[in-house]
Amino acid sequence: MNTLDLDAVSLEQALLDFEVANARVVDLTARLTTLSKELLQAKTELATIKLKGGAPVATAAFRALNIGDAAELAQLRDLISQLRSSRVIRVAKLFSVKLRRILA
Amino acid sequence: MAKPRILHCITVYNGRDFVPAAINSALRLDRSDADIDVLVLDDASPEPGWSEELAVFCRTQGAKYYRSPRNLGIPRNVSLGMLAATRHSYDYVVISNSDVLYPSKLMSAMLEVAAQPGVGSVTAWSNNVSIYSLPNIDPNKYLKNQEVVDWLHASLNGFFGNAAMDIPAGISFCIMIPTKVVQDVGIMDPCFGRGYCEETDWSLRSLVAGYRVCLAPGTFVFHQGRGSNLEAGLVSMNATTVPANEAIIDLRYPQFRQQVDAFIYSGILARAHADALSCVMRDAVQQYGYILDVGWIARALDREEKNVRVCLSPDGYSNRAQVSFRGFRIDIPFDPSDAGGSIRKYFERDPTIINVFDRGLHADSLGGAFATEPKHVHVNYPVRI
């Protein structure tokens with residue numbers, strides 16, 4: 001039926017195509033898993049930012065979302081330390097047993 | 001000096017209605033400037049009995065024939081042609097669809113463009129060649145004829161000669177590639193599956209390799225369009241592309257769409273279209289003469305539009321006249337105060353017939369403008385509302 005035999009050329013190229021296709025699958029799988037991880041991370045970051053931005057400042061939700069913030073925690077500890085060392089608190093502690101217990 | 005050898009590959013998938021005409025057209029290509037072998041690459045056409053019929057047809061007509069044992073898809077079938085050309089020491093490979101008609105002098109014109117420095121591929125001009133198409137209102141009705149294709153090619157070649165128009169990407173409906181470029185750039189990427197956009201990818205790879213991607217405006221190949229792809233169910237009746245393959249192009253070449261837009265807005269194509277249509281009209285007038293119609297709306301009196309018709313508005317105020325010929329349309333400048341002079345200036349001759357369909361200022365004044373006596377062909381009521 002064929003007047004020009006291209007079976008050998010076609011087969012050789014098919015094998016080469018097969019090799020390339022395999023390499024592409026490996027490469028694409030690697031890129032897919034890397035990008036999936038990046039996507040998951042980006043989605044998490046986006047959700048956190050959305051939640052942080054959505055809660056009004058000075059509300060319980062805002063404080064709950066920001067509780068894990070080490071800088072803010074340190075700031076609060078510093079504030080309590082300042083309060084404890086203030087003259088008003090020190091004088092008040094002299095007259096109040098209850099206050100002494102709380103600040104102990 | 002030995003003539004260059006060309007392997008002219010026609011990719012086939014079914015297409016019983018149009019493939020024989022394309023093969024016959026290829027077999028009558030003029031061989032004075034090149035040795036041309038025609039190879040029909042049948043991509044395992046599933047239509048019962050068609051492959052056997054095609055094989056016999058090729059054998060009796062003198063074309064080479066190869067049927068893939070299983071369907072490869074367009075890109076890999078095209079690649080087979082490219083590989084066959086390089087393996088069998090051809091100088092050029094032509095990749096072509098099977099729903100086309102070639103002018104007999106095509107290869108001489110394509111070779112002149114391909115021989116220019118740095119040219120990596122030459123796409124023929126056509127009524128259906130993506131964004132570069134020469135506009136025609138109904139190519140299948142007006143242009144699907146071997147004599148018409150030969151005539152159009154001769155006309156365009158007379159005007160554009162061996163001009164090479166650099167384009168963003170080639171179209172493999174009829175593209176000539178030197179085999180040394182194939183060896184350098186490679187073949188079609190099989191990631192385009194059953195086809196579409198593979199030649200865009202190849203063209204852009206060839207550009208990166210430093211080759212020019214050119215269109216030959218001095219050629220004309222009739223292309224019915226989407227014949228095999230519709231047969232294969234690759235595209236639906238109303239679709240013109242495969243979105244998944246376009247996505248690959250967008251991923252690989254993010255600038256490509258902007259490059260195409262820049263090419264379109266450069267005006268090069270619009271100028272080429274205007275020059276081509278003008279040249280076709282003038283040549284047709286020199287050969288066949290023209291008919292001057294005075295009326296509000298152009299009349300298609302001869303269904304095949306074998307005659308050049310110039311339509312003038314009868315009121316005498318329009319400064320454009322519409323010229324039509326075989327589905328081509330062009331507006332030419334027209335001076336209402338000098339009807340005879342302006343038309344004569346454009347075509348360098350008088351009309352053979354003047355038909356006056358609608359009354360008006362022009363209709364009355366035409367009698368003295370040309371030597372031809374106007375023929376009044378009024379109908380019962382005005383055509384235009």
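**Notes on the two-chain model**

1. Let's start with a single residue. Thr372(B) sits in the loop between α14 (361-369) and β15 of chain B. Its side chain reaches the backbone oxygen of Pro351(B) at 2.9 Å. Once neighbours within four places in sequence are set aside, the contacts of Thr372(B) are Pro351(B), Thr352(B), Ile353(B) and Ile354(B). Please keep in mind that this is a predicted model, here and in every point below.

2. Next, the sheet in chain B. Six strands make an open sheet in the order β13-β12-β11-β10-β14-β15, and the pairing is mixed. Its edges are β13 and β15 (375-376) of chain B, each of which pairs on one side only. The loop that holds Thr372(B) therefore leads from α14 to one of these edge strands, β15.

3. Within that sheet, β12 is a good strand to trace on screen. On one side, strand β11 (residues 308-312) of chain B is joined to strand β12 (residues 320-325) of chain B by 3 bridges, and the two run antiparallel. On the other side, β12(B) pairs with strand β13 (residues 328-333) of chain B, again in the antiparallel sense, over 6 bridges.

4. For individual pairs, try Gln322(B). Toward β11, Gln322(B) in β12(B) is the bridge partner of Cys311(B). Toward β13, Gln322(B) has Asp331(B) as its bridge partner. Another pair to look for is Arg320(B), which stands opposite Pro333(B) in β13(B). If you are following side chains here, recall that in a regular strand they alternate between the two faces of the sheet.

5. The turn deserves a glance too. β12(B) and β13(B) form a hairpin with 2 residues between them. In that turn, Arg326(B) has a positive phi of about 45 degrees.

6. Stepping back to the domains, chain B is divided into domain 1 (5-273) and domain 2 (289-376). Their centres, taken over C-alpha atoms, are separated by 38 Å. In chain A, the assignment gives domain 1 (1-58) and domain 2 (68-104), with C-alpha centres 57 Å apart.

7. How many residues bring the two domains of chain B into contact? Domain 1 of chain B offers 10 residues and domain 2 of chain B offers 8. The area buried between them is about 780 Å², and carbon and sulfur atoms give 63% of that area. On the domain 1 side, Ile137(B), Lys141(B) and Tyr142(B) lose the most area to domain 2, together 54% of what that side buries.

8. What about polar links across this domain boundary? The count of salt bridges between domain 1 and domain 2 of chain B is 0, while 3 residue pairs are in polar contact, both residues being at pLDDT 80 or more. The elements giving two or more residues to the domain 1 side are α5 (139-142) and α6 (146-160) of chain B. Of what domain 1 brings to this boundary, α6(B) gives the most, with 3 residues. By residue type, that side divides into 8 nonpolar, 1 polar and 1 charged.

9. Now the interface between the chains. Interface size is often given as the accessible area lost when the parts come together. For chain A and chain B, the buried area is about 1,600 Å², with carbon and sulfur atoms giving 60%. Met1(A), Leu4(A) and Leu6(A) supply 36% of the area that chain A buries against chain B, more than any other three residues. The contact takes 14 residues from chain A and 23 residues from chain B.

10. Charged pairs also cross between the chains. Side chains of opposite charge can pair when their charged atoms come close. The whole structure has 18 salt bridges over all chains, and 3 are found across the interface of chain A and chain B. One joins the side chains of Asp189(B) and Arg24(A) (2.7 Å, N to O). Arg87(B) and Glu12(A) also meet in a salt bridge (3.3 Å, N to O); this pair runs from helix α3 (residues 74-87) of chain B to helix α1 (residues 7-54) of chain A.

11. Finally, polar contacts between the chains. Across this interface there are 7 residue pairs in polar contact, both residues at pLDDT 80 or more. The side of chain A that touches chain B divides into 5 nonpolar, 4 polar and 5 charged residues.

Technical notes: Residues numbered from 1 in each chain as written. Chains lettered and ligands numbered in written order. Predicted model: local features only at pLDDT ≥ 70, side-chain atom pairs only at ≥ 80, totals over all residues. Heavy atoms only, no water. Contact = heavy atoms within 4.5 Å. Buried area = accessible area lost by both parts, 1.4 Å probe. Salt bridge = Lys/Arg side-chain N within 4 Å of Asp/Glu carboxyl O. Polar contact = N/O pair within 3.5 Å; in protein donor to acceptor, adjacent residues only side chain to side chain. Nonpolar A, V, L, I, M, F, W, Y, C, P; charged D, E, K, R; others polar. Domains from an automatic or database assignment. Pairing = 2+ DSSP bridges. Helix = DSSP H or I, 4+ residues; strand = E, 2+ residues; numbered from the N terminus.
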